[in-house]
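Work through these short exercises with the structure in view. Try each task before you read its solution.

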Amino acid sequence: MKKKKNYLDYVPVCAPGYNWKLNEKKQVEIEVQNKGFYNRLAQKLFKRPKVSYISLDEYGSFVWQQMDGQRTIYDISFLVKERYGEKAEPLLPRLTRFFQILYQNHYIGYSTPLDKKK
């Protein structure tokens, strides 16, 4: 029987190629380079920026800073619970959805790759 993988056992890591910093509100801003033909066209015609910044909220910024390449999503959930208590509830569904969104937008990867659906 094939063993089912648990999403909470994955170790999230920042994707290479993305820089990030803390803004004046101490929240994470991810720097996104707008590359490619259509982005260059929009930059010339519509004065779009070459770099965009994606700002995370307080919870997202805290979670982002906990990604050290060692902690699993489950480990990070304990840190969030310790810091925010009941305000973080429902913790695991929110946290897994947050990581899914980051992964889908290519801001993070996993040191243990997820199986692709066929």
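Two strands pair if DSSP finds at least two bridges between them. The model used here is predicted.

**Exercise 1.** Find how many bridges join strand S3 to S4.

Solution. Locate S3 at residues 28-33. Five bridges join S3 to S4, and the two run antiparallel. One position to look at is Glu29, which stands opposite Ser55 in S4.

**Exercise 2.** Work out which strands stand at the edges of the sheet.

Solution. Start with the order: three strands form an open sheet, S2-S3-S4, with antiparallel pairing. Strand S2 (19-22) and strand S4 (51-55) each have a single partner strand, so one side of each is left without a neighbour in the sheet. These two stand at the edges. On average, neighbouring strands of this sheet are turned by 30 degrees against each other, direction ignored. H2 packs on the sheet and touches S2 and S3. The direction of H2 makes about 75 degrees with that of S3.

**Exercise 3.** Decide whether Gly60 is buried or exposed.

Solution. Gly60 lies in helix H2, residues 58-66. Its relative accessible area is 4%. Buried means under 20%. Gly60 is therefore buried.

**Exercise 4.** Describe how H2 and helix H3 are placed to each other.

Solution. Take H3 as residues 73-84. The axes of H2 and H3 come within 10 Å and cross at roughly 135 degrees. The two helices are therefore oblique to each other. H2 passes H3 in a right-handed crossing. The residues of this contact divide into seven nonpolar, one polar and two charged. Among those in H2 are Phe62 and Val63; H3 brings residues including Ile76 and Leu79.

Key. Residues are numbered from 1 along each chain as its sequence is written. This is a predicted model: local features need pLDDT of at least 70, side-chain atom pairs count only at pLDDT 80 or more; totals for chains, interfaces and linings use all residues. Side-chain values use heavy atoms; hydrogens and water are left out. Helices (H or I, at least four residues) and strands (E, at least two) are DSSP runs, numbered from the N terminus. Buried means under 20% relative accessible area, exposed over 50%, partly exposed in between (1.4 Å probe, protein chains only). Axes are lines fitted to C-alpha atoms, for helices over the stretch in contact, and angles run from 0 to 180 degrees between N-to-C directions. Angles under 35 degrees count as roughly parallel, over 145 as roughly antiparallel, 65 to 115 as roughly perpendicular and the rest as oblique. A crossing is left-handed if the near helix is turned anticlockwise from the far one by less than a right angle, and right-handed if clockwise. Contact means heavy atoms within 4.5 Å. Ala, Val, Leu, Ile, Met, Phe, Trp, Tyr, Cys and Pro count as nonpolar, Asp, Glu, Lys and Arg as charged, and the others, Gly among them, as polar.
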